[in-house]
Amino acid sequence: MAGAAIEYQVGARTVRVSNPDKVYFPERGITKRQVVEYYLAVAEPLLRAIGERPTTLKRFPDGVSGEPFYAKRLPKGAPEWVQTARITFPSGRTADEVCPTEAAVFAWAANLGTLDFHPWPVRRPDVDHPDELRIDVDPSDSSGFDDAVRVALVVREVLADAGLTGYPKTSGGRGVHVLARIRPEWDFVAVRHAVIALGREVERRLPDLATIAWWKEERGGRVFLDYNQAARDRTVASSWSVRGTARATVSTPLTWAQLPEVHPDDFDVLTVPDWLSAHGDPHAGMDDEPFGLETALEWYARDERDHGLGEMPYPPDYPKMPGEPKRVQPSRARD
């Protein structure tokens, strides 16, 4: 039995939660109710992180043992107070995506089986110019979280050399995400170019551990800096998002001092509210000073001019982009 529906009063909204005792995480017995209450506990920093951002919902209606799907449009039957933002996909199609503006949205979404929130790196007033630069530090099958941390610490140095301040968080898996607030003056193509340039510089400093090679066969087991997460309609799980892992891990913001001292499994639906109470939100000041991409884009232009390093492959479902090389793995390439 999943229990009778219950209601939560969240600010001015009443949010009805059906089947609150439905188990979402069988290995640990964590229920829908616990996920809803987790999101209410972290609502303040989560709203700071994704408020006014068009957001894709990763929904697990049958819990983590079932098949998830990405909801890129406002679900039917949504309350009138759930607001939207219109975004444009690479294909040119548009969608009205959920745009969180209050804590009740998180409880409503969790009732639909949402675990991860995947916000665009833009805010509703200007959905074509990102205000958040994201570097996804993704370990290979043969590397792990400790390797990702080593690379992330160099990402921090490279960002600083480019005049940017990075803020780290666990991905909720084995990786690390590094975020930087930027002025919304550059389009997605330019931001992606900046991430490519930053990634190349990290690779130069850690050639045996880090790579931005798109093709897996070229990575050699190194940690991948996934520059295509900066492309339009590519997102990462937000800070404070629950991940679809057996442990119900959470993508948790940290300080740089904390990052080498923790393990991603330390942070889950049951532990993060107390962690937040004890440590606060280490990303609370990220909006205080946005930075520019001038230096990173100078690096991109230098690499293209002096080293013959220009555009890199886009994801396979993208339309062919200007200046893009052949979208075929090197071992299969033909002259």
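A residue counts as exposed when its relative accessible area is over 50% and as buried when that area is under 20%, with partly exposed in between; these words recur throughout the tour, which goes through a predicted model.

Start by selecting Asp-317 and Arg-234, whose closest N and O atoms are 2.6 Å apart in a salt bridge. Asp-317 lies in the segment after helix 7 (294-307), while Arg-234 belongs to the loop between strand 14 (223-225) and helix 6 (272-279), so this pair ties together parts that are 83 residues apart in sequence. With a relative accessibility of 56%, Asp-317 is exposed, because the value is over 50%.

Next, move to helix 5 (residues 188-205) and show Arg-204 with Glu-201, which are 3 residues apart in that helix and therefore separated by about one helical turn. They form a salt bridge with a closest N to O distance of 3.2 Å. Of the two partners, Arg-204 is partly exposed at 37% relative accessibility, whereas Glu-201 is buried at 13%.

Now select Arg-302 and Asp-303, another salt-bridged pair, with the closest N and O atoms 3.2 Å apart. Here Arg-302 is partly exposed at 24%, and Asp-303 is buried, its relative accessible area being 0%. From there, highlight Arg-53, Arg-123, Asp-131, Glu-132, Arg-134, Arg-181 and Asp-287, which are joined into one network by salt bridges that share partners. In total, the structure holds 30 salt bridges.

Keep Glu-132 in view and turn to the cavities, of which a search of the whole structure finds 3 with a volume of 30 Å³ or more. The largest cavity, at about 170 Å³, is lined by 21 residues, and Glu-132 is among those nearest its centre, together with Ala-49, Leu-179, Ser-239 and Met-286. Colouring by domain shows where this cavity sits: domain 1 (6-126) and domain 2 (132-234 + 289-312) both give residues to the lining, so the cavity lies between them. Helix 2 (43-50), strand 10 (132-138) and strand 12 (176-181) each supply at least two lining residues, with the largest share, 4 residues, coming from helix 2. By class, this lining has 11 nonpolar, 3 polar and 7 charged residues.

Finish at the second largest cavity, which holds about 60 Å³ of space. Its lining includes Ile-135, Asp-136, Val-195, Leu-198 and Tyr-227. Strand 10 and helix 5 are the elements that give two or more residues to this lining, and helix 5 provides the largest share, 4 residues. By class, the lining of the second largest cavity has 8 nonpolar, 1 polar and 2 charged residues.

Terms used
Residues are numbered from 1 along each chain as its sequence is written. This is a predicted model: local features need pLDDT of at least 70, side-chain atom pairs count only at pLDDT 80 or more; totals for chains, interfaces and linings use all residues. Side-chain values use heavy atoms; hydrogens and water are left out. A salt bridge is a side-chain nitrogen of Lys or Arg within 4 Å of a carboxyl oxygen of Asp or Glu. Buried means under 20% relative accessible area, exposed over 50%, partly exposed in between (1.4 Å probe, protein chains only). On a 1 Å grid over the protein atoms alone, a cavity is a set of points where a 1.4 Å probe fits but cannot get out, and a pocket is an open set with protein on both sides within 12 Å along at least five of seven lines; lining residues have an atom within 4 Å of a point. Grid points are joined across faces, edges and corners, and a volume is the space filled by probe spheres set on the points. Ala, Val, Leu, Ile, Met, Phe, Trp, Tyr, Cys and Pro count as nonpolar, Asp, Glu, Lys and Arg as charged, and the others, Gly among them, as polar. Domain bounds come from an automatic or database domain assignment.
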